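Biologist: Please show me the model, and let me ask how each label is justified.

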Number of protein chains: 2
Amino acid sequence: MPQGSPLTVPDDGLTTRARRNAPLLAVHTGQGKGKSTAAFGMALRAWNQGFDIAVFQFVKSAKWKVGEETALRELGRAHDERGVGGPVEWHKMGSGWSWTRKAGTEIDHAAAAADGWAEISRRLSEERHEFYVLDEFTYPLKWGWLDVDDVVSTLTARPGTQHVVITGRDAPQALVDAADLVTEMTKVKHPMDVGRKGQKGIEW
Amino acid sequence: MPQGSPLTVPDDGLTTRARRNAPLLAVHTGQGKGKSTAAFGMALRAWNQGFDIAVFQFVKSAKWKVGEETALRELGRAHDERGVGGPVEWHKMGSGWSWTRKAGTEIDHAAAAADGWAEISRRLSEERHEFYVLDEFTYPLKWGWLDVDDVVSTLTARPGTQHVVITGRDAPQALVDAADLVTEMTKVKHPMDVGRKGQKGIEW
């Protein structure tokens, strides 16, 4: 249950209201489950507040997370058709970013990741969305496909009130330092340890 | 990204298919964010598979998680009206469990929690749902309002294929021992540490 009382009151010249509306940069990292799942759970709240939501999946294969995608697209449809919640966009690297109009043609994953980040940078500068999920985004950082300093400075300098949630293992320290909220998901016990495989409705 | 390869293949006489359909007991615990959020994110996958979903919120106040509730109810509505996904029920202790028909009248939280668990036990024995979220359920266990041994034996003996996800800090060891999947959410950094309060679209 969230605690309503901050530990300290900062001497930053901001009102409580201004602080309450400060844009959040959140990172979900660690070896455990729930990093992406919690990010999509956060998107439910953002949707309910009518925020404009965009998901960018930095994964090679799009076979996972179909459930989350279908559910969030359904919520986007509810917005478009019935005016409840906020609009939802969902972009996947694995099947070609939707704005590049060349679905299925991306062979060079490093180039595709750079392409994705360039688009996100543009959207951040234009304040296109209010809630971004950059799913599995730590991997192109870890593999050197994207420049960590460039990413961190762009995120830090983003204008307006744009919330960004980044997921993935091994978040670089510079990203952790720049983030407002960092949670590490730690595996205590996993069914695969005892030979169970991924399950319908649980893993996808 | 989920790994498809279990570390060991168990000598349990089950086929891969049977193991794949084994009911899951998951626990999200720890001091960090994302325990409930990840559980509701899992519910998106369950919904997409057409599972019958029931959420039981063991919280005193129902003012939090309105976003998740609204979004999941919207998905339940999509099921009911358009036949996509699965049905969704959402029950809150704080405003009176919906089946007890006495909304707002519960003063004794211990009795309300016992009432909630009795109903869940009945539903488990009847195989009423396919995916249960018992949100903040560790607290009535921690506070002695529910008997841990009774809860664990009922969960362990539940018939059929009923997935159960339990959230909350300080999960009792017997529950962790009985669970198939246990993830600990650890706080690395939180905005409240530097005096920021909960935000619209982020915390609720």
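Modeller: This is a predicted model. Take Asp170(A) to begin with: its relative accessible area is 37%, and it is called partly exposed.

Biologist: Why is Asp170(A) called partly exposed?

Modeller: Buried means under 20% and exposed means over 50%. The value for Asp170(A) is 37%, so the residue is partly exposed.

Biologist: Where is Asp170(A) found?

Modeller: Asp170(A) sits in the loop of chain A between strand 5 (163-167) and helix 7 (173-178).

Biologist: What is the phi of Asp170(A)?

Modeller: Phi is near 55 degrees, a positive value, and the residue is not a glycine. Most residues other than glycine have a negative phi. In chain B, Asp170(B) also has a positive phi, of about 55 degrees. Asp170(B) lies in the loop between strand 5 (163-167) and helix 7 (173-178) of chain B. With 36% relative accessibility, Asp170(B) counts as partly exposed.

Biologist: What makes Phe40(A) and Trp90(A) an aromatic pair, and why is the pair called stacked?

Modeller: A pair of aromatic rings is described by the distance of the centres and the angle of the planes. Centres must lie within 6.5 Å, and planes under 30 degrees apart count as stacked. For Phe40(A) and Trp90(A) the values are 5.1 Å and 25 degrees, so both conditions are met. Phe40(A) belongs to helix 2 (residues 35-48) of chain A and Trp90(A) to strand 3 of chain A, 50 residues apart.

Biologist: How do you know whether Phe40(A) and Trp90(A) are buried or exposed?

Modeller: The limit for buried is under 20%. Phe40(A) has 0% relative accessibility, so it is buried. Trp90(A) has 4%, so it is buried too.

Biologist: Why is the pair of Phe56(A) and Trp97(A) called tilted?

Modeller: The angle between the planes is 55 degrees. Stacked needs under 30 degrees and edge-to-face needs over 60, so 55 degrees leaves tilted. The centres are 6.2 Å apart, which is within 6.5 Å. Phe56(A) lies in strand 2 of chain A and Trp97(A) in the loop between strand 3 and helix 4 (109-126) of chain A, so the pair ties together parts 41 residues apart in sequence. Both Phe56(A) and Trp97(A) are buried. They belong to a cluster linked by ring pairs, which includes Phe58(A), Trp117(A), Tyr132(A) and Phe137(A).

Biologist: What makes strand 3 (88-92) of chain A an edge strand?

Modeller: The open sheet has 12 strands with mixed pairing, and its order starts with 3(A)-2(A) and ends with 2(B)-3(B). Strand 3 of chain A pairs on one side only, as does strand 3 (88-92) of chain B, so these are the edge strands.

Biologist: How do you know that strand 2 and strand 3 of chain A pair?

Modeller: Pairing needs at least two bridges. Strand 2 (residues 53-57) and strand 3 of chain A are joined by five bridges, so they pair, and they run parallel. In one of these strands, strand 3 of chain A, Trp90(A) is the bridge partner of Val55(A).

Biologist: Which helix lies across strand 2 and strand 3 of chain A?

Modeller: Helix 3 (residues 66-82) of chain A does, running at about 150 degrees to strand 3 of chain A.

Biologist: Which residues have the most contacts inside the largest nonpolar core?

Modeller: Leu72(A), Phe131(A), Leu72(B) and Phe131(B) do, in a core of 46 residues. Leu72(A) touches residues including Phe40(A), Val88(A) and Trp90(A).

Technical notes
Residues are numbered from 1 along each chain as its sequence is written. Chains are lettered from A and ligands numbered from 1 in the order in which they are written. This is a predicted model: local features need pLDDT of at least 70, side-chain atom pairs count only at pLDDT 80 or more; totals for chains, interfaces and linings use all residues. Side-chain values use heavy atoms; hydrogens and water are left out. Helices (H or I, at least four residues) and strands (E, at least two) are DSSP runs, numbered from the N terminus. Contact means heavy atoms within 4.5 Å. Axes are lines fitted to C-alpha atoms, for helices over the stretch in contact, and angles run from 0 to 180 degrees between N-to-C directions. A nonpolar core is a set of buried Ala, Val, Leu, Ile, Met, Phe, Trp, Tyr and Cys residues joined through side-chain atoms within 4.5 Å. Buried means under 20% relative accessible area, exposed over 50%, partly exposed in between (1.4 Å probe, protein chains only). Rings of Phe, Tyr and Trp (its six-membered ring) pair if their centres lie within 6.5 Å; planes under 30 degrees apart count as stacked, over 60 as edge-to-face and the rest as tilted. Lists of a residue's contacts leave out its neighbours within four places in sequence.
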